[in-house]
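Please read the points below with the sequence and the model side by side. They begin with one helix and then widen to both chains.

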Amino acid sequence: MHEHYADAIADPDCIRLGPDLVCLRFEVMKVRSALGAVRHLLATEAVRPGDTLVDSSSGIYALALALACHRYGMRCHIVGSTTVDETLRVQLEILGATLERMPPSDDLMLDQNRRVERVGRLLLENPGFHWMRQYHDAIHYVGYREVAEQLDREVPGGPLTIVSGVGTGSSTGALACYLRAAGRDVRLIGIQPFGSVTFDAGHTADPDMIIAGIGSSIEFRNVRHELYDRIHWVSFEYARAGAVALLRDSGVFAGLSAGAAYLAAEWERGRSEGRTVVFLAPDTGHRYVRAAFAAHAQVPGIAGLAPHEVADSDGIALPWSVADWAASAPSPDDALPVPARAPSGST
Amino acid sequence: MRRPSHAGHKPGPPVQPGTATDWDLHALLPHTLSADEIRAINNPSRAIHEHRTYTWNGWDFDLPPGVFHPGETSRLVHTRLLDGRLPVAGLRYAAMGAGLGVEAVVAGVRGAGVVYALDVHPESVRTTVRHYERIIGTDGPPLVALVADVWEGFPDGEQVDVVTFNPPAIELPLSDDPEIVRNLCLGRDIATRFFDQLVSRDLLAPDGVVYLIVSNTAPLRDIVALALEAGFGAEVVHVQDWPGDDVQTYLFALRRAGGRSGGKD
């Protein structure tokens, strides 16, 4: 029995789609991250019940943090964009979170800077506020420890290949860290949209649209590049083909990043003898009905699709490319994420 | 792309000011000490969770829990700001990682045009404001106190002439205490973000200078390489070695290509 709705929607399901293929399916994956972060802050007494947790977000992290605050008796304040949609806005209001909406420009870096400026002023004026910094603070890894433990139980023994979109880097980074620390042989495969700077593809662009929730035009400290073995860059068109194929083949109704992960996971299966390939489906497909699923009859199957295999990110090309990433073997010293905040003066 | 690690090499003699610049200088710099040496030298104290005091140059500072107590490395910067070897008079100065506010106070005393104090830790920024108001008062240069994540949160469209940056760049998890990690152990990515944002948002004036202080307990060569790759020239302003260990601490002046020289030791 779950103690709270947030716990229920944060728990993933392991779904076996083949003898060597598993879908780790979430309803809202970021709730797992927010719950773990808030629990960690309370346990370490970095915050007290009733304090206010603040961050900038215009998307699913805002809802995840509001739910985690509801779960643990905290206040929640979000600095977001005027583009926050009605579905999110009303949920935040009813959950008791407060939302400041700032007009966006077409430059994400400047928008983020202006929102951080606003968060900074709030923090100076309100000593009871705590800045979550979802992109940079490794406390957002902590909640995935239980997911790694669940995966270790439900897919016992044998080497794993984990395939997932990389957004803030917390879910993929944490799963690799915790499973490797538990002694599992894990290959980590990241999925990126074209145009994302996270793995050096800022020089490219997708003519259709960016896959929501993965990739970025700014650097995130929670992306630990050294953890990744291979990166796939997938276009919207091919991610959509993956999402439709996932629903058609398995009944799993999930979003575009899950579609891209399914596409890449199927390709990785052919190159992963003796390994179980686990791909992540971080959310449901409801947000993507019009953009991805409605024209399913015109969407090609994925059996005939193949990536450009390139040496590095300089050579990537639409609609799908893959390159080994210059990953170094993690040392015992950096195997586990360190819950950190960030800079201040040092010695 | 990642670079191979040569951590643990015994350092050669310290590279003195004037010996070399830029990539020639980079080639002479020491590699990072071994993990065991770094752990032996850095024994983080949990006193950061207590209320403390600090006295320097006749000024008394009050340190609430979580605000960092300066060490010898910090004082290498403080003394050089105070005696003018790192000039700030009439200039727009930014203290990156304001801590308890010593740099801001000294820049106020030295007559900076404006003092920006940035720190990700809100209580450090509040502490800087309190010390600045008490020691400098309202007759000194204006203080702009910002809770910011490196440069994220610094106002767009503004520039500075002088920056001091003492990054918490040790890459070993010396502690699982987040306060200690925040102050000591954030690795080279803090330097990456510092230089990326400084350049991409054009925050440093054309003749501006960054005074960067970093030791071979951190990925010193990689951090200098990041600065060079970001388009800065590098020279040594001061090098300090310490009795009883192999630590070398370098104070670098970093300028955009074509910038004037300055900062003497």
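What covers the buried residues of α3(A)?

1. The cover over the buried residues of α3(A) includes α1 (5–10), α2, β3 (52–56), β4 (75–81) and α4 (86–95) of chain A, where helices (H or I, at least four residues) and strands (E, at least two) are DSSP runs numbered from the N terminus. A residue is called buried if 20 or more other C-beta atoms lie within 10 Å of its own, exposed if 12 or fewer, and partly exposed in between, with C-beta atoms placed from the backbone; two residues are in contact if these C-beta atoms lie within 7 Å.

2. On provenance, this is a predicted model, in which local features need pLDDT of at least 70 and side-chain atom pairs count only at pLDDT 80 or more, whereas totals for chains, interfaces and linings use all residues. Residues are numbered from 1 along each chain as its sequence is written, while chains are lettered from A and ligands numbered from 1 in the order in which they are written.

3. α3(A) has 13 residues and spans 18 Å from its first C-alpha to its last, close to the 18 Å expected at 1.5 Å a residue, the expected span being 1.5 Å times one less than the number of residues. Ten of its 13 residues are buried, so that the helix is mostly covered; among them are Ile60(A), Leu63(A), Leu67(A) and Cys69(A). Just after α3(A), Gly73(A) adopts a positive phi of about 70°.

4. The largest nonpolar core (a set of buried Ala, Val, Leu, Ile, Met, Phe, Trp, Tyr and Cys residues joined through C-beta atoms within 7 Å) has 173 residues, and those with the most contacts inside it are Leu65(A), Ala117(B) and Tyr211(B). The largest share of this core, ten residues, comes from α3(A) (residues 60–72).

5. A second helix of chain A, α7(A) (residues 170–181), has twelve residues and reaches 16 Å between its end C-alpha atoms, close to the 16 Å expected. Ten of the twelve residues are buried, so α7(A) is largely enclosed by the rest of the structure. Its buried residues pack against α2 (29–43), α6 (145–154), β7 (160–165), β8 (186–192) and β10 (276–281) of chain A, and just after the helix Gly183(A) takes a positive phi of about 95°.

6. In chain B, strand β4(B) (residues 114–119) has five of its six residues buried. β4(B) runs parallel to β3(B) (residues 92–96), to which five bridges join it, strands being paired if DSSP finds at least two bridges between them; five bridges also link β4(B) to β5(B) (residues 143–147), again in the parallel sense. Tyr116(B) is the bridge partner of Ala94(B), and Val147(B) that of Asp119(B). Ala117(B) touches residues including Ala95(B), Val125(B) and Leu146(B), not counting residues up to four places away in sequence.

7. Two right-handed β-α-β units share this strand: β3(B), α4(B) (residues 102–109) and β4(B) form one, and β4(B), α5(B) (residues 122–135) and β5(B) form another. Right-handed here means that, with the strands pointing away from the viewer, the path from the first strand over the helix to the second runs clockwise.

8. As for the chain totals, chain A comes to ten helices and twelve strands, and 52% of its 347 residues count as buried. Chain B has eight helices and nine strands, with buried residues making up 49% of its 265 residues.
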